[in-house]
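This report describes one protein chain, beginning with a single residue and ending with the chain as a whole. Please keep the sequence and the structure in view while reading.

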Amino acid sequence: MSQFISSLQNPKVKQVVLLSQKSSERRKQGRFVVEGVRELLHCVRHGFTMDSVFVCPEKLENTPEWNELSGLIGDERLYQVSPAVYGKMAYREGTEGMIGVMHSRPATLDALALSDNPLVVVAEGVEKPGNLGAILRSADAANADAVIFCDALTDLYNPNVIRASIGAVFTVPCAVATSEECIQFLQSKGIQILTAQLQDSELYYDTDMKVPTAIVMGTESTGLTDQWRKAASRHIRIPMLGSLDSLNVSVSTAVLLFEAVRQRN
């Protein structure tokens with residue numbers, strides 16, 4: 001039978017709060033927090049290991065996803081909590097009364113298993129969790145082989161990244177590396193590097209993306225660093241027909257990804 005937690009001072013409650021708030025603690029413990037039935041199910045389906053799961057019966061809805069999850073958790077890892085305890089633990093509202101603590105796994109370049117004709121997204125220095133999450137959702141929709149975060153300013157298991165990606169951070173293979181490491185990795189695999197930039201570039205739909213391809217995106221404020229521009233096989237751009245000169249980085253990524261999908265299909 002699962003345990004019941006009603007004290008706000010319970011050590012497990014404090015651990016969840018700490019993991020949600022501190023990236024240093026996530027790295028130290030090798031654990032992270034997932035809120036919501038759908039996100040947690042994506043996480044489990046894609047091979048992440050559970051540490052513990054907390055449910056608030058008053059908030060939990062009887063859904064097919066919950067029924068599937070409940071068969072995977074086991075009483076030894078399941079804790080029921082009061083609404084007050086859940087309110088303290090929850091990073092956001094409306095998460096269907098479920099929070100999981102999961103074991104992280106290495107997000108290294110060597111761990112990526114690429115297809116024979118890979119399509120990869122590289123995001124250099126992108127900071128906003130909402131943008132990172134949206135990039136991951138587009139990568140999932142396009143069935144990209146991987147998303148590589150270079151010189152990342154936000155960690156993969158930030159609760160806002162998980163939320164914005166709706167669990168795509170678990171469905172898409174991810175790696176974290178320096179730009180130098182990533183460039184060497186892509187070149188060693190024979191993957192062409194397409195950098196999205198306004199200067200010295202050609203229209204994206206005039207570029208062959210049917211071959212192994214990495215689409216490299218930079219920040220909206222400063223763009224890509226020189227090392228990526230110099231390493232690029234080709235420079236590409238999306239035509240801007242209005243008064244502004246750029247799109248949101250996640251929107252640009254989606255446009256370029258689905259051009260690759262169009263060409264390959």
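## Ser165 and its surroundings

In this predicted model, Ser165 belongs to helix α7, which covers residues 159–165. Is Ser165 buried or exposed? Its relative accessibility is 2%; because buried means under 20% relative accessible area, Ser165 counts as buried.

Which residues does Ser165 touch, apart from its neighbours within four places in sequence? Ser165 is in contact with Gly133, Leu136 and Arg137.

## Helix α3 and its cover

Helix α3 spans residues 37–45. Its buried residues are Val37, Glu39, Leu40, Leu41, Cys43 and Val44. Several elements help to cover these residues, including the strands β2 (31–35), β3 (49–55) and β5 (98–103). Helices also take part in the cover, among them α4 (64–73), α7 and α8 (168–171). Helix α7, which includes Ser165, is thus named again here as part of the cover of α3.

Just after α3 comes Gly47, which takes a positive phi of about 90 degrees.

## Cysteines

How many disulfides does the chain contain? The count comes to zero. Cys43 is in no disulfide, and the nearest cysteine sulfur, that of Cys174, is 12 Å away. Cys43, one of the buried residues of α3, has a relative accessible area of 0%.

Cys182 is likewise in no disulfide. The nearest cysteine sulfur to Cys182 is that of Cys150, 3.8 Å away; a disulfide is a pair of cysteine sulfur atoms within 2.5 Å, so this pair does not qualify. Cys182 is also buried, with a relative accessible area of 0%.

## The chain as a whole

The secondary structure of the chain comprises 11 helices and 12 strands. The radius of gyration is 20 Å, close to the 18 Å that the globule rule gives for 265 residues, so the chain is as compact as a globular protein of that length. Along the principal axes, the C-alpha atoms fill a box of roughly 60 × 40 × 30 Å.

Of the 265 residues, 49% are buried. Among contacts with a separation of 6 or more, 81% join residues that are 24 or more positions apart.

## Surface and charge

The chain exposes about 12700 Å², and carbon and sulfur atoms supply 48% of this area. The chain has 25 positive and 30 negative charges, and the mean positions of these two groups are 4 Å apart.

How values were computed. Residues are numbered from 1 along each chain as its sequence is written. This is a predicted model: local features need pLDDT of at least 70, side-chain atom pairs count only at pLDDT 80 or more; totals for chains, interfaces and linings use all residues. Side-chain values use heavy atoms; hydrogens and water are left out. Helices (H or I, at least four residues) and strands (E, at least two) are DSSP runs, numbered from the N terminus. The radius of gyration is taken over C-alpha atoms; the globule rule is 2.2 Å times the number of residues to the power 0.38. Buried means under 20% relative accessible area, exposed over 50%, partly exposed in between (1.4 Å probe, protein chains only). Contact means heavy atoms within 4.5 Å. Accessible areas come from the Shrake-Rupley method with a 1.4 Å probe; for residues, only the protein chains shown count as cover. Lys and Arg count as positive and Asp and Glu as negative; His and the chain ends are not counted. The place of a charge is taken as NZ of Lys, CZ of Arg, CG of Asp or CD of Glu.
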